[in-house]
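Here is a protein for a reader who has not met it before, taken step by step through questions and answers. Please look over the sequence and the model first, and then read on.

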Amino acid sequence: MRFFKSYAKLASSIAMAAGLAVTPAQAQVAACRFVLGFQTLHSALASVAGDCVDDQASGGNGDALQHTTKGLLVWRKADNWTAFTDGFRTWVNGPNGIQQRLNTQRFPWEWGVQHSAPPQSALTPTNPSSSVIATGLEVPWALSFAPDGRAFVTERVGRIRIVQSGVLQAGVWATLPVAARPGNEGGLLGLAVDSDFSANHFLYVYYTYAGGSGLANRIVRMVDSNGSGTVDRVLLDGIPAGGNHDGGRLAFGPDGKLYATTGEAGVPALAQDLGSLGGKILRLERDGSVPADNPFAGSYVYSLGHRNVEGIAWHPEGGLYETEHGPSGAAPFCCNDEINLIDPGVNYGWPAVYGNQSDPSFRDALLQSGAATTWAPTGAAFIRQGPLAGSLLFTGLQSQALHRVVFGADGRTVLFQEQLLRRQIGRLRDVEPAPDGLFWVLTSNRDGRGSPSGDDDRIVRVSW
Ligand SMILES: [Ca+2]
């Protein structure tokens, strides 16, 4: 994984070496050579980087440094990439090849910074309490808070409802013509409130519909006006849809882009097809255009090789994490649900690999459920403050649990995990941070695969 202890780390490496000189040195050390990654980067940038001035040396923080007549080559221990800086600009040999930026900038994928070590308080079992916010919903799928305090919640059957001041409103904010059937996975799925909602009143919705050539998923923009919602424009259409594996999560990243997760719609090969939007994580501008810095020029595809992704969340110190459903067939083609750390342009393997197979062509998961256990993981969120800061939360349908996972400072090593509320409120579809720092969890007991109680489905508030 391409963790890089932020630009600050490179900058500090450079600063520490300043006495030795980012200032070009004049004399070349006899017989000094570039090695390994330095050689690759230097060969590509020979005229920019200049000649070898000294031998490779330790930067003191685990990085390797080597001065040239025009600057400094650095191998970054934290993310295993090499970079060259002339003191003003930096060329990084990263996931998209060699890219140049100003020293003061960072690429989106460099947000995968080294994290602070988790607090010790996060590494022991916890016992959260829960209280019911709302009952009587029909397969709530996604929930997003507006800055005015309203929570918008989708019901898979096609309704968008509002919870205001902790009370589910009787009226429906909007109804969409979705294709939803009990036991199937399509319908009205993800929802994300615009980060500038106060000014533009926009929110974004992902849903399955029956079109002229069968089922498809689309992302639309909606506008809030006088307490109800209407579709303003279609941002992206033609996302593959099927009875199962419809993806559907929407979320704004810290870069202000809209991310959408898709499934391969029951056609596994789509996940490896860069020409298909199925089995991918997509990245859009909020007007529906393709961001200029997406990893594949002109394409919405941000990462590929996914089976069915229903949850994404950004660590408060950087890094996009996702939850993904593994195969559901008989062993050995069973289970192996995944938690992945997403880098742009990277292939996560489905259907060529499932579980972790250390195939260098694909990226392995950080955590998986194993060949005998299914979580059916869904929504995800990070705890951003307090004694559990940095914990990843994700919900599970099959596990009927709210999972909490703590990663180490490398953002990858699992230090602790536990399953909360297990079998207490049934199948769980989403977890969303509320403005008060607590979390709201959505049940999914009326989805055709559960055992609903009289007041399902519910929105439950969880606190520690
Ligand atoms: Ca995978």
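**Questions and answers on the model**

Q: Where is the place of D457?
A: The model shown here is a predicted one, and two strands frame this part of the chain, namely β30 (439-443) and β31 (459-463). The peptide bond that leads from D456 to D457 is cis, with omega near -10 degrees. D457 itself has its place in the loop between β30 and β31.

Q: What is the average pLDDT of the protein?
A: Confidence is not even along the chain, since residues 1-27 stay under 50 in pLDDT, although the model has 65 contacts beyond four places in sequence for that stretch. Across the protein, 91% of the residues score at least 70. The average pLDDT is 90.

Q: What radius of gyration does the protein have?
A: The C-alpha atoms fill a box of roughly 80 × 50 × 50 Å, taken along the principal axes. For 464 residues, a compact globule would have a radius of gyration near 23 Å, and the value of the protein agrees with this. That value is 24 Å.

Q: How many strands are there in the protein?
A: The secondary structure includes four helices. Among contacts between residues at least 6 apart in sequence, 54% join residues at least 24 apart, and 48% of the 464 residues count as buried. Beside the four helices, the number of strands is 31.

Q: How far apart do the C-alpha centres of domain 1 and domain 2 lie?
A: The protein is divided into domain 1, which covers 6-110, and domain 2, which covers 120-463. The contact between them takes four residues from domain 1 and seven residues from domain 2. The C-alpha centres of the two domains lie apart by 39 Å.

Q: Which strands stand at the edges of the open sheet of four strands, and why is one side of each left without a neighbour?
A: The order in this sheet is β25-β26-β27-β28, with antiparallel pairing. The strands at its edges each have a single partner strand, so one side of each is left without a neighbour in the sheet. Neighbouring strands of the sheet are turned by 20 degrees against each other on average, direction ignored. The edge strands are β25 (377-382) and β28 (414-420).

Q: Which residue in β28 does F407 stand opposite?
A: Strand β27, made of residues 401-407, pairs with β28 in the antiparallel sense, and six bridges link the two. Opposite F407, in β28, stands V414.

Q: Which residue in β22 is the bridge partner of A313?
A: Strand β21 (residues 309-314) is mostly covered, with six of its six residues buried, and β21 pairs with strand β22 (residues 320-324) in the antiparallel sense over five bridges. The two strands form a hairpin with five residues between them, and G318 in the turn has a positive phi of about 115 degrees. For A313, the bridge partner in β22 is Y321.

Q: Is H245 buried or exposed?
A: H245 has its place in the loop between β16 (228-240) and β17 (250-252), and its phi is near 60 degrees, a positive value in a residue other than glycine. A residue counts as buried if 20 or more other C-beta atoms lie within 10 Å of its own. Because H245 has 28 other C-beta atoms within 10 Å, it is buried.

Q: How many other C-beta atoms does N336 have within 10 Å?
A: N336 is placed in the loop between β22 and β23, and although N336 is not a glycine, it has a positive phi of about 50 degrees. N336 is buried, and the count of other C-beta atoms within 10 Å is 26.

Q: Which residue does a cis peptide bond join to W350?
A: The residue in question lies in the loop between β23 (338-342) and β24 (367-368). The bond has an omega of about 0 degrees, and the residue joined to W350 is P351.

Q: With which residues is K77 in contact, leaving aside its neighbours within four places in sequence?
A: K77 is found in the loop between β3 (71-75) and β4 (82-85), and with 18 C-beta neighbours inside 10 Å it counts as partly exposed. The C-alpha atoms of K77 and A64, which are 13 residues apart along the chain, are separated by 7.6 Å. The contacts of K77 beyond four places in sequence are with G62 and D63.

Notes: Residues numbered from 1 in each chain as written. Predicted model: local features only at pLDDT ≥ 70, side-chain atom pairs only at ≥ 80, totals over all residues. Pairing = 2+ DSSP bridges. Axes fitted to C-alpha atoms, helices over the stretch in contact; angles between N-to-C directions. Buried ≥ 20, exposed ≤ 12 C-beta atoms within 10 Å, placed from the backbone. pLDDT = per-residue confidence, 0-100. Contact = placed C-beta atoms within 7 Å. Rg over C-alpha atoms; globule rule 2.2 N^0.38 Å. Domains from an automatic or database assignment.
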